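Here's a quick briefing on the metal sites in this one. Have a look at the model first, then skim the notes below.

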Amino acid sequence: MTMETKYQPSNIELDVRSEMKIEWYDGHESTFALDYLRKQCPCANCMTKRNEAAENSNPFKVLSGKVVTKAEALNMEAVGNYAVKFDWNDQHNSGIYTFEYLRDLCPCADCKG
Ligand SMILES: [Zn+2]
Ligand SMILES: [Zn+2]
């Protein structure tokens, strides 16, 4: 299986209290706030919750675990060579963040613009 280099991280740095930075093989850099990543959790449960909360302005409705005011990652581990998963401080940990998903989530002006 070959993946496009834009979906392959060359370096990942996690600041467990605030953000994760990824450098990609194509030279791009992404900085993700952990709050943002938690809210974008790709597991089926959170996807359903996000859909249900779509017309609700309270962002914490999307959280499926214990309600916390600020997401922190207690731990991050690799899933194969294609994804990472987090142990969040609200005790949720079932979301598998593939690198492809993360790259598409990149919040920078270039990717969102
Ligand atoms: Zn989830
Ligand atoms: Zn970007």
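What follows is a rundown of the metal sites, one after the other.

Keep in mind that this is a predicted model. One zinc ion, ligand 1, gets its protein donors from C41, C43, C46 and H92. Another zinc ion, ligand 2, is held by H28, C106, C108 and C111.

**Zinc ion (ligand 1)**
- The donor atoms are SG of C41, C43 and C46 plus NE2 of H92, and they sit 2.1 to 2.3 Å from the metal.
- Angles among the four donor atoms run from 103 to 118°, and the site is tetrahedral.
- Along the chain, the donors of this ion read C-x1-C-x2-C-x45-H.
- C43 and H92 tie together distant parts of the chain, 49 residues apart: C43 is in the loop between α1 (34-39) and α2 (44-52), while H92 is in the loop between β5 (83-88) and β6 (96-98).
- C43 counts as buried because its relative accessibility is 9%, and H92 is buried too, with a relative accessible area of 9%.

**Zinc ion (ligand 2)**
- Here the coordinating atoms are NE2 of H28 and SG of C106, C108 and C111, at 2.0 to 2.3 Å.
- The arrangement comes out tetrahedral because the four donor atoms subtend angles of 104 to 118°.
- The sequence spacing for this ion is H-x77-C-x1-C-x2-C.

**Burial of the ligand 2 donors**
- C106 is buried, at just 1% relative accessible area.
- C111, on the other hand, is partly exposed, with a relative accessible area of 37%.

How values were computed
Residues are numbered from 1 along each chain as its sequence is written. Chains are lettered from A and ligands numbered from 1 in the order in which they are written. This is a predicted model: local features need pLDDT of at least 70, side-chain atom pairs count only at pLDDT 80 or more; totals for chains, interfaces and linings use all residues. Side-chain values use heavy atoms; hydrogens and water are left out. Donors are N, O and S atoms within 2.8 Å of the metal (3.2 Å for Na, K and Ca); water is not among the atoms, so sites may look incomplete. Four donors count as tetrahedral if all angles lie between 85 and 135 degrees; four count as square planar and six as octahedral if opposite donors are over 155 degrees apart and all others between 65 and 115; anything else is irregular. Helices (H or I, at least four residues) and strands (E, at least two) are DSSP runs, numbered from the N terminus. Buried means under 20% relative accessible area, exposed over 50%, partly exposed in between (1.4 Å probe, protein chains only).
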